[in-house]
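Me: Hi! Could you walk me through this one?

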Amino acid sequence: MLALSIPVTGHARTDASLDMPEGPVILTISGDITHFNATQGARFDRDMLQALPQHSFETGTPWTEGSSTYSGPLMRTLLEHVGLPGSENSSGNSSGNSSGNSSENSVYVSALNGFEAEIPISDFYEYDVILALERNGQSIPIREYGPLWVLYPFSQDEALLSEKMRFRAVWQVMQINVR
């Protein structure tokens, strides 16, 4: 019992457990989270990600032809699922706290090819950013930016087409580290 109360990387581990993946792990979330299913964080297979509430939007992207419908869990929902610190307290989300916990923290999203982008968590509350699992109702192949893609609704707001925001749309996602 005493061993479970030792802080991990400076944070007390509440160790709320998540289901274990039954299929191949396609995403690992680590860092400043409170719900785990592995010693190094939370591991997800495709079915676990699809079991989360899904969100869809139609958008074009700077990397694809035309418009497509993408679906997957909202990034804010995924982070709350793994116990983002403060998410229990911020469900009321006081409107006067735009520089609160979610805007001070970031996630570092790593891709299969080694690319990493820092994304402020506040983006996930300002925009309906998804972890896209499907494009037009089909799994997204690795060759077409899958299997997981942090995707902004580019067609809904011209500000999202800036270079800064495009660099945050990481494809071939394999790991998210919350800091």
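What follows is a short chat about aromatic pairs and exposure.

Me: What should I know about the model before we start?
Reply: This is a predicted model, where local features need pLDDT of at least 70, side-chain atom pairs count only at pLDDT 80 or more, and totals for chains, interfaces and linings use all residues. Residues are numbered from 1 along each chain as its sequence is written, and side-chain values use heavy atoms, with hydrogens and water left out.

Me: Cool. How many aromatic pairs does the structure hold?
Reply: There are nine, counting rings of Phe, Tyr and Trp (its six-membered ring) with centres within 6.5 Å; planes under 30 degrees apart are stacked, over 60 edge-to-face and the rest tilted. The Y145 and W149 rings have centres 4.9 Å apart and planes at 35°, so that pair is tilted.

Me: And how are the rings of W149 and W171 arranged?
Reply: Their centres are 6.1 Å apart and their planes at 85°, so this pair is edge-to-face.

Me: Is W149 buried or exposed?
Reply: W149 counts as buried, at 0% relative accessibility, while W171 is partly exposed at 26%. Buried means under 20% relative accessible area, exposed over 50%, and partly exposed in between (1.4 Å probe, protein chains only).

Me: Which residues do ring pairs link into a cluster?
Reply: The cluster is W63, Y70, Y127, Y145, W149, Y152, F154 and W171.

Me: Switching topic: what about M174, how exposed is that?
Reply: M174 is partly exposed, with a relative accessible area of 34%.
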